[in-house]
Amino acid sequence: MTTSERKRRMPRAERERQMMTIAEEIFAERGYVAVSMDEIAERCGVSKPMIYEYFGSKEGLLVACIRAARADLSQCTLEAVAGAGSVEEALRRGLVAFFEFTDSHRRSWSLLLHNEAALAGPAAIAEVEEARREQVELDIALFAAFVPDKPRTELEMLAQILVGACERLSLWYVNQSEVTAPQAADMLMSVLWKGVAGEIPA
């Protein structure tokens, strides 16, 4: 192996992340169906067999992209709500973090919410649903920390409403350059908080 070849080698995890980042860009630019594995390999500067070795298929590559976005979203939301003194404060922090995530991960977000997963297949659809489930569970845990005697079914209904509203507003928000993440969070709080506060006393 030559010196230049050794320099080009990188750890598997780093190479995997590089391929996923480039694949995200291409999927977001042109759509899942229109993109070929040959194009992804060329843009990544690797062989097509290497992508298959890492991800198994084009759907497997999309699933990996969605899974990474899901992990990033969960981490930033958890970090944002840690240490909040009230459910209102925690909810607003979480909403700001959510919209900040959509700002900094616009390619990932398009994969999570647009129809790319449905076009790819059941594994990708399941990954998107898992992202929603994680957000619902996080909201349930947040509410339950302040009102532990509230029935889980009622908390789950509140969480489902919140997650659905976040998704719909985010689809509009990512195309608006003049609206900030705190502004989007405040608008959602102004609409939802009265109902949430009626269920979860401050």
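1. A friendly place to start is the ring of Y54: with a relative accessibility of 16%, Y54 counts as buried, because the cut-off for that label is under 20%. Please keep in mind throughout that this is a predicted model. F55 falls under the same heading, because its relative accessibility is 12%. Y54 and F55 also form an aromatic pair, a tilted one, with 6.2 Å from centre to centre and 45° between the planes.

2. Y54 has a charged partner as well. The charged end of R12 sits over the ring of Y54, 4.0 Å from its centre. A similar arrangement involves K58, whose charged end sits over the ring of Y32 at 4.4 Å from the ring centre.

3. For the overall layout, the chain holds eleven helices and zero strands. Of its 202 residues, 46% are buried. Looking at contacts with a separation of 6 or more, 67% of them join residues 24 or more positions apart. The exposed area of the chain is about 10,600 Å², and carbon and sulfur atoms supply 54% of that area.

4. Now to the largest nonpolar core. It has 31 residues, and those touching the most other members are L95, F99, L162, Y173 and L188. At least two residues of this core come from each of helix 5 (58–81), helix 6 (87–104), helix 9 (122–146), helix 10 (152–173) and helix 11 (181–199). Helix 10 gives the largest share, with eight residues.

5. Helix 10 deserves its own point. Its 22 residues reach 31 Å from the first C-alpha to the last, close to the 32 Å expected at 1.5 Å a residue. The buried residues of helix 10 are L155, L158, A159, L162, V163, C166, E167, L169, S170 and Y173. For a colleague scanning side chains, E167 and S170 are worth a look in that list.

6. Which residues does F99 contact, leaving aside its neighbours within four places in sequence? They are C166, L169, S170, Y173, A181, A184, A185 and L188. F99 counts as buried because its relative accessibility is 0%, and F98 counts as buried because its value is 5%.

7. The rings around F99 fit into the same picture. F98 and F99 form an edge-to-face aromatic pair, 5.1 Å from centre to centre and with 80° between the planes. Together with Y173, F98 and F99 make up one aromatic cluster. The count of aromatic pairs comes to four.

8. A second, separate core should be kept apart from the one above. This core has 26 residues, among them A23, C44, Y54 and L62. So the Y54 of the opening point, buried at 16% relative accessibility, is one of the members of this second core.

9. Helix 3 (residues 37–44) is a good companion to that second core. Buried within helix 3 are M37, E39, I40, A41 and C44. What covers these buried residues includes helix 2 (12–30), helix 4 (48–55) and helix 5. Just after helix 3, G45 takes a positive phi of about 75°.

Key. Residues are numbered from 1 along each chain as its sequence is written. This is a predicted model: local features need pLDDT of at least 70, side-chain atom pairs count only at pLDDT 80 or more; totals for chains, interfaces and linings use all residues. Side-chain values use heavy atoms; hydrogens and water are left out. A nonpolar core is a set of buried Ala, Val, Leu, Ile, Met, Phe, Trp, Tyr and Cys residues joined through side-chain atoms within 4.5 Å. Buried means under 20% relative accessible area, exposed over 50%, partly exposed in between (1.4 Å probe, protein chains only). Helices (H or I, at least four residues) and strands (E, at least two) are DSSP runs, numbered from the N terminus. Contact means heavy atoms within 4.5 Å. The expected span of a helix is 1.5 Å times one less than its number of residues. Rings of Phe, Tyr and Trp (its six-membered ring) pair if their centres lie within 6.5 Å; planes under 30 degrees apart count as stacked, over 60 as edge-to-face and the rest as tilted. A charge sits over a ring if NZ of Lys or CZ of Arg is within 6 Å of the ring centre and within 35 degrees of the ring normal. Accessible areas come from the Shrake-Rupley method with a 1.4 Å probe; for residues, only the protein chains shown count as cover.
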